Amino acid sequence: MNATDTIYINGYKHVSYHSDIFSEEELTIKSKSFYEWLDKRRSVRDFSDKNVPKEVIENLIKSASTAPSGAHKQPWTFCAISNPALKKQIRNEAEIEEKESYENRMSERWKKDLEPLNTDMHKPFLEIAPWLIIAFKKVYELESGGHKHNNYYVNESIGIACGMLISAIHNAGLVTLIHTPSPMNFLTNILKRPSNERAFLLLPVGYPKLPTYVPDLKRKGLDEMTVFYE
Ligand SMILES: Cc1cc2nc3c(=O)[nH]c(=O)nc-3n(C[C@H](O)[C@H](O)[C@H](O)COP(=O)(O)O)c2cc1C
């Protein structure tokens, strides 16, 4: 970087930014191939116990952390768990909540909607997958003296980060399944998280068990989800 790459605006340092510029033809090809690659991502419910190196998990989390966030507060903590005893404890507690949900909390309509997905209250993947990544949102920052400083657009920010995490997992040739046992307070207790953090999503990460089958779902077409104003 040379001197002209830096300027100060209102006293704050800014650095020059360069995005790749493509021809319209290249743009079309690149955007189409990215879409086609992303369209291959599927939620997988049967995991192999094959090891995934810790460095890979670190890279996935670093990818997620590139997400934009409200006022750049980065209101997230990612807990990555490979410890078998902890995974077993998380599975046990998740299954207790899931049993209660399936038996007493979920509507018949909801259970009917889940039927094609072949998902139920049993969550063996929480023990089998080599890693669990649990994204915690930081609702507020705890400053010295115990003062609470609210973060901004926390759900939007961590949702985007998790989307990028899921894409990074797909890019690595690994699979995940978003799992949201509800309520998820037990994760705060098991992982001893501070009072300003709330569990947001639980993502097992690993290789699929082979052969793997996924529900034959169709995604909405462009005309079902897009309105152009030209
Ligand atoms: C917030 C959220 C929670 C989800 N929770 C579960 C879950 O608890 N169990 C499950 O089997 N799938 C869960 N899913 C995965 C969806 O069922 C899946 O994304 C959807 O069926 C589309 O399939 P695809 O991911 O293969 O495109 C969840 C997805 C989201 C976005």
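1. A nonpolar core is a set of buried Ala, Val, Leu, Ile, Met, Phe, Trp, Tyr and Cys residues joined through side-chain atoms within 4.5 Å. In this structure, which is a predicted model, the largest such core has 23 residues, and those with the most contacts inside it are Ile57, Leu60, Phe78, Ile133, Leu165 and Val205. The elements that give two or more residues to this core are two helices, α2 (54-64) and α6 (154-171), together with the strands β3 (76-81), β4 (131-138) and β8 (197-206). The largest share, seven residues, comes from α6. As a general matter, nonpolar side chains in soluble globular proteins tend to be buried together.

2. Valine 205, one of the residues with the most contacts inside the largest core, deserves a separate look. When its neighbours within four places in sequence are left aside, valine 205 is in contact with Phe47, Ile57, Leu60, Ala129, Pro130, Trp131, Ile133, Ile169, Leu174, Val175 and Thr176. Among these contacts, Phe47 is also a member of a second, separate core of 21 residues, which includes Phe125, Leu191 and Ala199 as well.

3. Turning to charged side chains, the structure holds 13 salt bridges. One of them joins glutamate 36 to lysine 32, with a distance of 2.9 Å from N to O. Both residues lie in helix α1 (residues 24-38), where they are four residues apart, or about one turn of the helix. Glutamate 36 counts as partly exposed, because its relative accessibility is 38%, and the range for that label runs between 20% and 50%.

4. Which parts of the chain does the pair of arginine 219 and aspartate 39 link? The two residues form a salt bridge in which the closest N and O atoms are 2.8 Å apart, and the pair links distant parts of the chain, 180 residues apart. Arginine 219 sits in the loop between β8 and α8 (222-225), whereas aspartate 39 sits in the loop between α1 and α2. Arginine 219 is partly exposed, with a relative accessible area of 45%, and aspartate 39 is likewise partly exposed, at 33% relative accessibility.

5. Is glutamate 95, which forms a salt bridge with arginine 91, buried or exposed? Glutamate 95 counts as buried, because its relative accessibility is 17% and the label applies under 20%. In its salt bridge with arginine 91, the closest N and O atoms are 3.1 Å apart. The two residues are separated by about one helical turn, because they lie four residues apart in helix α3 (residues 84-105). Salt bridges that share partners join Arg91, Glu95 and Glu127 into one network.

Methods:
Residues numbered from 1 in each chain as written. Predicted model: local features only at pLDDT ≥ 70, side-chain atom pairs only at ≥ 80, totals over all residues. Heavy atoms only, no water. Salt bridge = Lys/Arg side-chain N within 4 Å of Asp/Glu carboxyl O. Buried < 20%, exposed > 50% of the residue type's maximum accessible area, 1.4 Å probe, protein only. Contact = heavy atoms within 4.5 Å.
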